[in-house]
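Colleague: I am new to this structure. Please pick one part, look at it closely, and work outward from there.

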Amino acid sequence: MDDKQLEITHHDPLLYNEDLAPIKHSDRSWGWFEIFNVWSNDIQSLFGYTLAASLFLSYGLNGWAVMAAIILAGVIVMVLVNLTGKPSVKYGIPFPVMIRSSMGVRGANFPALLRAIIGIFWYGVQTYFASTAVTLLLTALWGAGDSQYLGLSGTAWLSFVIVWLFQIMLFWQGIDKIKIFLNWAGPLVYVVMLALMAIVWYQAGDQLLPAVATIFDGGGDYQGSDLAAFTAIVGTMVAYFAAVVINFGDFTRFVRSEREMKIGNLVGLPLNVAFFSFIALIITAGTLVLFGEALTNPADIVERVDSLPLTIIAALTFFAATVGINLVANFIPPAYDLANLFPRAISFRIGGLITAVVAFFVGALWVSVISQIGIPGFVNALGAIVAPFYGIIVVDYYLVKRQQLNMQQLFSRDPEGAYFYQNGWNKKALTAFGLAALFSIATVWVPALADLNGYGWLIGAALGGLFYYWLASRSRG
């Protein structure tokens, strides 16, 4: 598709601003390396490491099987994002505009709002995790302090505010500056993780491999079968990436070609996940030897290793990686989503400020309230809510619309327009979402369906697509 076809000649001011308009191919600067770094920062964030390490300990499954499950999740996510990323490579539009095709020009506000809420929630949580790296650094330099409020020391609160302000400042510089930040943050974290693994391995000595074997022997409180544990791990890891999977078009609209997107996804997902999971496994085993307990937060590990140079370098790089993915996955999408709700009143930047203000309170309450429900349950519940939209988007674009969209009508409220449906809402898509969401959320919250816990996102996405295709086929027939 040439750039002339991406020019919007007539648009409704309630549906259009410059931040939502298609990006022409000649104006794009992202290649495979930028996409790779989206995933490397996501996987290598403090939250990502903690989740991966906890999976080795929670399901009583052989460690090699856990690694295989995590890698399989990477392959699945790669396939999923190749499907949702392709339309935005072709048309240069973000997620809230893309979903107008299936939900309607007004109905698209519903998934955009849900996605914004989830993104803001994640943004607050990741801001807290990034702040733990700064807390580690400041504590190493002058101590933690004695006072506590909402589970955080004075130093921790200072670190949280510093990270919160830093992210706003970086976001304000624009997508090009964020791209530069990601391109050095992701690879640098690998250097630090390898150094940490080497130090832990050296200090653990010949006791490390027996400790690895201990983890491989299983443990944990999980009562299901090995197959159920394996699939639960796969489902949990897919759910971890769920928000990015849904709105991957927010990133691929900057990519020069579909080929570069696919290369970035291949290197950034299954290959990257395999290598990083191995590092997490070795370090987790080493902490068993050195400290008598398996530590899953790298900030805690670095603190106990007691090396000031390593502490300083690790704190800065963990901070950078977590901030990087937070901006890309949890700041930029809600900013687009909020701008989509009121394009005339909310710009991309104003949407980002709203995101930051609300997320401040989420992050501040993470330790004392939100974290008490447990990381896997938190990930699965959030993922299940938006899951049906994935199936709806993919089925609509590939099977119903046959990969052809009308750019002009995506920005039009003409009652005769292709995406106006019923007063701007596609009731078939809304019905498909409601039916599928009942199933996917129930797998997380209904005790009788506890055996399906971990599969909520995959079930919701599949059912959303199936219900939507069935309803759309009936209307065509």
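Modeller: Start with helix 1 and helix 8, which are oblique to each other. The model is predicted. Helix 1 covers residues 32–43, and helix 8 covers residues 175–204. The two pack at an angle of about 60 degrees, with axes 9 Å apart. Roughly parallel would need an angle under 35 degrees, and roughly perpendicular one of 65 to 115. The pair therefore counts as oblique. Helix 1 crosses helix 8 in a left-handed sense. On the helix 1 side, Phe33, Glu34, Asn37, Ser40 and Asn41 make the contact. Helix 8 answers with Lys179, Leu182, Asn183, Ala185, Gly186 and Pro187. By class, this contact holds 4 nonpolar, 5 polar and 2 charged residues.

Now stay on helix 8 and turn to another partner. Helix 15, residues 308–341, packs against helix 8 at about 140 degrees, and the axes lie 8 Å apart. Roughly antiparallel would take an angle over 145 degrees. Helix 8 is therefore oblique to helix 15. Their crossing is left-handed. The class make-up of this contact is 23 nonpolar residues, 2 polar and no charged.

Helix 15 also leads on to helix 6, residues 109–142. These two pack at about 165 degrees, with axes 8 Å apart. That angle makes helix 6 roughly antiparallel to helix 15. Helix 6 passes helix 15 in a left-handed crossing. Their contact has 27 nonpolar, 9 polar and 2 charged residues.

Next, the empty space. Helix 8 helps to line the second largest pocket. About 310 Å³ of space lies in that pocket. It is lined by 15 residues, and the closest to its centre are Asp19, Ile175, Phe254, Tyr336 and Phe348. Helix 7 (154–173), helix 8 and helix 16 (348–364) each supply at least two lining residues. Helix 7 gives the most, with 3. The lining of the second largest pocket divides into 8 nonpolar, 2 polar and 5 charged residues.

Then come the enclosed spaces. There are 4 cavities of 30 Å³ or more. The largest has a volume of about 90 Å³. Helix 6 and helix 15 come back here: with helix 11 (242–246), each gives at least two residues to the lining of the largest cavity. Helix 15 has the largest share, 3 residues. The residues that line the largest cavity are Asp42, Trp122, Gln126, Tyr240, Phe241, Ala243, Val244, Ile325, Ala329 and Asn330. By class, they are 7 nonpolar, 2 polar and 1 charged.

The second largest cavity has a volume of about 70 Å³. Its lining consists of Ile43, Gly48, Ala52, Ile70, Met237, Tyr240, Phe241, Val273, Phe276 and Ser277. Two or more of these residues come from each of helix 2 (46–58), helix 10 (226–240) and helix 13 (258–291). Helix 13 gives the most, 3 residues. The lining of the second largest cavity has 8 nonpolar, 2 polar and no charged residues. Tyr240 and Phe241 line both the largest cavity and the second largest.

Definitions and conventions:
Residues numbered from 1 in each chain as written. Predicted model: local features only at pLDDT ≥ 70, side-chain atom pairs only at ≥ 80, totals over all residues. Heavy atoms only, no water. Axes fitted to C-alpha atoms, helices over the stretch in contact; angles between N-to-C directions. Helix = DSSP H or I, 4+ residues; strand = E, 2+ residues; numbered from the N terminus. Left-handed = near helix turned anticlockwise from the far one by under 90°. Contact = heavy atoms within 4.5 Å. Nonpolar A, V, L, I, M, F, W, Y, C, P; charged D, E, K, R; others polar. 1 Å grid on protein atoms, 1.4 Å probe; cavity = no way out; pocket = protein on both sides within 12 Å on 5 of 7 lines; lining within 4 Å. Points joined across faces, edges and corners; volume = space filled by probe spheres on them.
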